[in-house]
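Visitor: I'd like to learn how to read a protein model. Could you walk me through one?

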Amino acid sequence: MGRPFGVPVYVAPSWFLVAALITWVFGGQLDRVLPELGAARYLVSLFFAVAFYASVLVHELAHTVAALRFKLPVRRIQLQFFGGVSEIEKEAETPGREFVLAFVGPLLSLILAGLFYLAMQPVEPGTVPGVLLAGLMVSNLIVAAFNLLPGLPLDGGRMLRAVVWKITGKPMSGTVAAAWVGRALAVCVLIGLPLLTQSGALGSSAEDNVGMDTVMDALLAAILAAIIWTGAGNSLRMARLREHLPDLRARTLTRRAVPVETDTPLSEALRRANAAGARALVVVDAEGTPLSLVREAAIVGVPEHRRPWVAVSGLAQDLTDGMRVSAELAGEDLLDALRATPATEYLVVEQTGEIYGVLSAADVERAFVKAMARPS
């Protein structure tokens, strides 16, 4: 939808579902407040839905600007069913920056609520502008209050994480504490939201909350609880992964390779590899310059009786600049290099340009899974 501050903004398909839901619900409220609008109330409601998500976008842009200020890359902003998310690719370096990064979103929502409140003052209450401004003020207050709840994946959870990180000196301890508080919040939402609605504590009388309304309240609570619980779990998994990322090193994951010339039969190339204890083949020219990598999947697809008549060049993938990675890469730097040029195999070279071996994407994936399985 655009690139404010150079960051692409996407709208998920689920946004259209929630926009239709907001249009329907707000349209029903308008029918009670402004019955003279008739069917036009749904047009007003659609405008409210778009304006509300514009407010959510401002909330996310606050996170994005803060991240860019701290030199943290932001992949994209996505508006979806329950609000939006700024996909910041790296973590803040200090708990103070983490706290600021999380707090600016709810702060902007509170500022927007205040601006809509000020805009309401000269407007007559029972009019379309008055109702829209009041709705946007209340919705931004709700967004700010909900995001300030102290549990991951909410902004308040990230603030709690920063506080625990500051006290303990361990970012993982902050993540664990905030994630478990987030899971407790999910249970509270699942049980408490329907009870509050039934009791009339959220503004409607208890007599009105029967039948389909009760089912809708329970469904909404279940969806919210599931999102919070899942987000908390994902935060724990990502923190565990980042904790073990330094163990992912190109040098230790690389397979030893043997150089073979273009016209070498596959059977002879495999014989040389077995003799040298290598598990990969690099096709080189007469001067020993690497040209391509023989794909493991292609080797498996050649029957053994045909291998003496198949040249390695027919099974190789030409090398591009992105397929050459340094043997010194590790952790997030290694993953960033592989993500930039998706491939099944990569040529690993020393700083001198000498061939070190071949890195298989499958080996990195297995190391990834193994790192995730280890306890923190």
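Visitor: Let's start small. In which strand is Gln 78 found?

Guide: Gln 78 is found in strand 2. Helices (H or I, at least four residues) and strands (E, at least two) are DSSP runs, numbered from the N terminus. Before we go on: this is a predicted model, where local features need pLDDT of at least 70 and side-chain atom pairs count only at pLDDT 80 or more, while totals for chains, interfaces and linings use all residues. Residues are numbered from 1 along each chain as its sequence is written, and side-chain values use heavy atoms, with hydrogens and water left out.

Visitor: Okay. Is Gln 78 buried or exposed?

Guide: The words have cut-offs: buried means under 20% relative accessible area, exposed over 50%, and partly exposed in between (1.4 Å probe, protein chains only). Gln 78 has a relative accessible area of 15%, so it is buried.

Visitor: And which residues is Gln 78 in contact with?

Guide: Contact means heavy atoms within 4.5 Å. If you leave aside neighbours within four places in sequence, Gln 78 is in contact with Tyr 10, Ala 12, Gly 83, Gly 84, Val 85 and Glu 87.

Visitor: Let's try another strand. Where is Ser 86 found, and what does Ser 86 touch?

Guide: Ser 86 is found in strand 3 (residues 83–88). Ser 86 counts as buried, because its relative accessibility is 14%. Not counting residues up to four places away in sequence, Ser 86 touches Glu 60, His 63, Thr 64, Arg 76 and Ile 77.

Visitor: With which side chain does the side chain of Ser 86 make a polar contact?

Guide: First, the term: a polar contact is a pair of N or O atoms within 3.5 Å; within protein, one must be able to donate a hydrogen and the other to accept it, and residues adjacent in sequence count only if both atoms are side-chain atoms. Here the partner is the side chain of Glu 60, at 2.8 Å.

Visitor: Now helices. How do I describe two that pack together?

Guide: Two packed helices are described by the angle between their axes and the distance between the axes. Axes are lines fitted to C-alpha atoms, for helices over the stretch in contact, and angles run from 0 to 180 degrees between N-to-C directions. Take helix 1 (residues 13–33) and helix 2: they pack at an angle of about 130 degrees, with their axes 8 Å apart.

Visitor: What do we call that arrangement of helix 1 and helix 2?

Guide: Angles under 35 degrees count as roughly parallel, over 145 as roughly antiparallel, 65 to 115 as roughly perpendicular and the rest as oblique. Helix 1 and helix 2 are therefore oblique to each other. By class, their contact has 15 nonpolar, three polar and two charged residues. In that scheme Ala, Val, Leu, Ile, Met, Phe, Trp, Tyr, Cys and Pro count as nonpolar, Asp, Glu, Lys and Arg as charged, and the others, Gly among them, as polar.

Visitor: How do helix 5 and helix 6 cross?

Guide: The axes of helix 5 (residues 155–168) and helix 6 (residues 171–199) come within 7 Å and cross at roughly 140 degrees. That makes helix 5 oblique to helix 6. On the helix 5 side, the contact includes Gly 157, Leu 160 and Trp 165, and among the helix 6 residues are Pro 171, Ala 177 and Val 181. By class, this contact has seven nonpolar, five polar and one charged residues.

Visitor: What about unusual backbone features?

Guide: Most residues other than glycine have a negative phi, and most peptide bonds are trans. In this model, a cis peptide bond joins Leu 152 and Pro 153, with omega about 10 degrees. Pro 153 lies in the loop between helix 4 (128–147) and helix 5.

Visitor: Which residues have a positive phi although they are not glycines?

Guide: Phe 5 is one of them, with a phi of about 60 degrees. Phe 5 lies in the segment before strand 1 (9–11) and counts as exposed at 58% relative accessibility. Lys 71 also has a positive phi of about 60 degrees. Lys 71 is in the loop between helix 2 (41–69) and strand 2 (74–80), and it counts as exposed at 74%.

Visitor: Last one: how far apart are Ala 39 and Arg 339?

Guide: They are 300 residues apart in sequence and 50 Å apart in space, C-alpha to C-alpha. Ala 39 lies in the loop between helix 1 and helix 2, and is exposed, with a relative accessible area of 65%.
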